[in-house]
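Here's a walk through one protein model, one stop at a time. Have the 3D view open and turn it as you read.

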Amino acid sequence: MSDLAIIVLAAGKGTRMKSVLPKVLHRAAGRSLLGHVLHTVKHLAPARTVVVSGPGPEAVEGEALAHLPGALVVTQEERKGTGHAVSVAKPALAGFDGLVVVLYADCPLVRAETVREVAGLADPMSVLAFTAATPRGYGRLVLAPGGDVTAIREELDSTPEEKRITLCNSGIIAIQSKLLWELLPKLTGNNAKGELYLTDLVELAVASGARVRYAKCPEAEVAGVNDRVQLAAVEAAFQERYRRQFMLDGVTLVSPETVQFSADTVIGTDVTIEPHVIFGPGVRIGNRVDILGFSHIEGATVAEGARIGPFARLRPGAEIGGNAHIGNFVEVKKAKIGEGAKVNHLSYIGDAAVGAKSNIGAGTITCNYDGYEKHVTEIGANVFVGSNTALVAPVKIGDGANIAAGSVITRDVPADALAITRAELQIRQGWAIRYRELKAARKAARAKGQE
């Protein structure tokens, strides 16, 4: 929207996180808190987005640009309150004339639809509110008889009567830029904390004759993160949101509460997911896929009709073809598994390509790392690899070849050939009887010597 600018406040200290990582870079559902907010911003398509970071902004700037390349990152060197933080963004919005919405990087659950609703009421200003089950600690909305907002009173500055109000401030505001820049210099910091509160703009706006309205959302949608307990609560809220949406979109979750998604997980229709499956970032699942229990998938794509698990691990770069099978205790990393191919048991396939309809036997590994570099294994179509085989990369197995069980393959195998590397089997008749007699005699002699 050419008449919309977004300011994202990301300068919170986050000392209660007890971490060297900036608070807004902690992750929920596989994405940073800041990343979640910027993905919401993407849906709003603003003319400009300004992220206000604290001192040492390099990590925050990198994260912001990774999610929203056009974002502008500015630094709030001194933390004098939310009003001061917004004033720091003013130079980055030079020449902009339109609506400004202020969001918070530690409130990742807010939806684009909610932001649009509060923005639609900003004539010239609006705020986002919620009804709190326990309002203690929140700023309260003071309303006129007609329902407009006349003030937002912070907890420490509230009267006993105001503290009984349950309609609370989320911190999110929408305000026309002309009014914003006119009122910001009038903030005084005359409050219990001595900070420049953005919420004090409400009284200033009303005093100037402007109307301030409010929109409401569920309390959970504007939950903030100040410690790891709250981070876990936000994670749980995201998971509940994703599970519900996937089921409504045609995905069967056998035990929904045990499945974990990432924010960018993509799943087709008629997919069945059994209990205790984890999706890390970067996963795309096609239609009619079965994912069996206790599987872990990250940075991988799975094509239509495939079957994964149980106890399978797909690592980044795994590409599973249509109707392929990846079975129990199989790990696939940076490898393409062709259509209809099967890797059913206890195998590691890394830095490899497996052709269509090939069968990889139990215990097979691609030996892809020599201690210094990774090497590639290429397996053609319709290849049969016997159990307990080691393929020492770089190596190529031609179409239709057969690798005998227990082999160590160190050279290329031509198409339709048999490769076998085994010591000659020797059978010694009666050896086991003589061995048992010898052992029994020695044991008896030791026992007699101890008497």
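In which loop is phenylalanine 311 found? Look between S20 and S21: phenylalanine 311 sits in the loop there. Before going on, keep in mind that this is a predicted model.

That loop is a good place to linger. Proline 310 lies in the loop between S20 and S21 too, and a cis peptide bond joins glycine 309 to proline 310, with omega at about 0°. Then comes phenylalanine 311, whose phi is near 55°, a positive value in a residue other than glycine. Most residues other than glycine have a negative phi, and most peptide bonds are trans.

The ring of phenylalanine 311 has a partner as well. Phenylalanine 311 and phenylalanine 329 make a stacked aromatic pair, 5.0 Å from centre to centre and with 10° between the planes. The pair links distant parts of the chain, 18 residues apart, with phenylalanine 329 in the loop between strand S23 (325-328) and strand S24 (331-337). Phenylalanine 311 has a relative accessible area of 37%, so it counts as partly exposed. Phenylalanine 329, at 48% relative accessibility, is partly exposed as well, because the exposed class starts over 50%.

The count of aromatic pairs comes to seven. In one of them, phenylalanine 130 and tyrosine 138 have ring centres 5.0 Å apart and planes at 85°, so this pair is edge-to-face. Phenylalanine 130 is buried at 2% relative accessible area, whereas tyrosine 138 is partly exposed at 32%. Elsewhere, ring pairs join Phe246, Phe261 and Phe279 into a cluster. Tyrosine 369 has company of another sort: the charged end of lysine 374 sits over its ring, 5.6 Å from the centre.

Now for the sheet. Ten strands form an open sheet, running S12-S14-S17-S20-S23-S25-S27-S30-S33-S35, and the pairing is parallel. At the edges are strand S12 (251-253) and strand S35 (418-419), each pairing on one side only. Further in, strand S27 (residues 359-360) pairs with strand S30 (residues 384-385) over two bridges. There, asparagine 359 stands opposite phenylalanine 384.

Histidine 276, in the loop between strand S14 (271-273) and strand S15 (278-279), is another residue with a positive phi, near 60°. Histidine 276 is partly exposed, with a relative accessible area of 38%.

What about the inside? The largest nonpolar core has 74 residues, and Val51, Val101 and Leu201 touch the most other members. Strand S1 (residues 4-10) gives the most to this core, with seven residues. Apart from that core lies another, of 56 residues, including Leu33, Leu253, Val259 and Val413. In soluble globular proteins, nonpolar side chains tend to be buried together. Valine 101 shows what its surroundings look like: leaving aside neighbours within four places in sequence, its contacts include Leu4, Ala5, Ile6, Ile7 and Val115.

Is serine 126 buried or exposed? Serine 126, in strand S7 (residues 125-131), has a relative accessible area of 0%, so it is buried. A polar atom of its side chain lies 2.5 Å from the backbone oxygen of valine 118. Among the residues in contact with serine 126 are Ala119, Ile173 and Arg213. Just ahead of S7, proline 124 lies in the loop that follows helix H4 (112-120), and the peptide bond from aspartate 123 to proline 124 is cis, with omega near 10°.

Terms used
Residues numbered from 1 in each chain as written. Predicted model: local features only at pLDDT ≥ 70, side-chain atom pairs only at ≥ 80, totals over all residues. Heavy atoms only, no water. Core = buried A, V, L, I, M, F, W, Y, C linked by side-chain atoms within 4.5 Å. Buried < 20%, exposed > 50% of the residue type's maximum accessible area, 1.4 Å probe, protein only. Helix = DSSP H or I, 4+ residues; strand = E, 2+ residues; numbered from the N terminus. Contact = heavy atoms within 4.5 Å. Pairing = 2+ DSSP bridges. Phe/Tyr/Trp six-rings, centres within 6.5 Å; stacked < 30°, edge-to-face > 60°. Lys NZ or Arg CZ within 6 Å of the ring centre and 35° of its normal. Polar contact = N/O pair within 3.5 Å; in protein donor to acceptor, adjacent residues only side chain to side chain.
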